[in-house]
Amino acid sequence: MKKIEAVVRKTHFEDVKEALFEADINWFSYSEVHAIGQARQDRIYRGVMYSTDIIPRIEIKIICRDQFVKPAVDAILKAAHTGEVGDGRIFVSPVDETWSIRTGESGDSVLADKK
């Protein structure tokens with residue numbers, strides 16, 4: 001099992017969400033986060049000066065079986081890409097153990113869709 005963490009632009013979240021569903025990633029969590037990137041400068045938007053050093057982003061967390069890692073990463077890369085600085089990052093790390101709180105079951109079988 002792997003944990004995929006992706007930080008993407010808020011404006012691309014809906015595209016990423018749809019791409020993940022199309023890649024058969026049916027469960028993930030997300031939250032609003034603030035990131036500090038390499039581009040640190042002041043910009044003017046509609047007459048208001050703002051700083052680009054703190055950037056609102058969406059962080060997506062996915063726990064999946066190994067065979068779903070590449071499709072999930074590819075979906076995020078395609079949907080979130082603009083080619084500009086600040087597109088985001090994807091991190092993949094191993095998950096050693098997992099449990100179902102409801103059943104107490106452990107292992108990657110808890111990732112199966114059981115009703």
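I started with Ser29 and looked up its bridge partner in strand β5, which turned out to be Lys61. Note to self: this is a predicted model.

**Strands around β5**

Next I checked how strand β2 (residues 29-36) sits beside β5 (residues 54-64). The two run antiparallel, and 8 bridges join them. Further along I found Val33 of β2 standing opposite Arg57 in β5.

Is β2 buried or in the open? I went through its 8 residues and the number buried is 0, so β2 lies largely in the open. Buried here means under 20% relative accessible area.

Then I turned to strand β1 (residues 2-9), which also pairs with β5. Again I noted an antiparallel pairing, over 8 bridges. One pair I wrote down is Lys3, which stands opposite Ile63 in β5.

**The two helices**

After the strands I looked at helix α1 (residues 13-22) and helix α2 (residues 69-80). How do their axes cross? They come within 8 Å and cross at roughly 150°. Angles over 145 degrees count as roughly antiparallel, and therefore α1 and α2 are roughly antiparallel to each other. I also noted the hand of the crossing: α1 passes α2 in a right-handed one.

Which residues make the contact? From α1 I listed Asp15, Val16, Ala19 and Leu20. From α2 I listed Ala72, Ala75, Ile76, Ala79 and Ala80. Sorted by class, the contact of α1 with α2 has 8 nonpolar residues, no polar ones and 1 charged.

How values were computed
Residues numbered from 1 in each chain as written. Predicted model: local features only at pLDDT ≥ 70, side-chain atom pairs only at ≥ 80, totals over all residues. Heavy atoms only, no water. Buried < 20%, exposed > 50% of the residue type's maximum accessible area, 1.4 Å probe, protein only. Helix = DSSP H or I, 4+ residues; strand = E, 2+ residues; numbered from the N terminus. Pairing = 2+ DSSP bridges. Axes fitted to C-alpha atoms, helices over the stretch in contact; angles between N-to-C directions. Parallel < 35°, antiparallel > 145°, perpendicular 65-115°, else oblique. Left-handed = near helix turned anticlockwise from the far one by under 90°. Contact = heavy atoms within 4.5 Å. Nonpolar A, V, L, I, M, F, W, Y, C, P; charged D, E, K, R; others polar.
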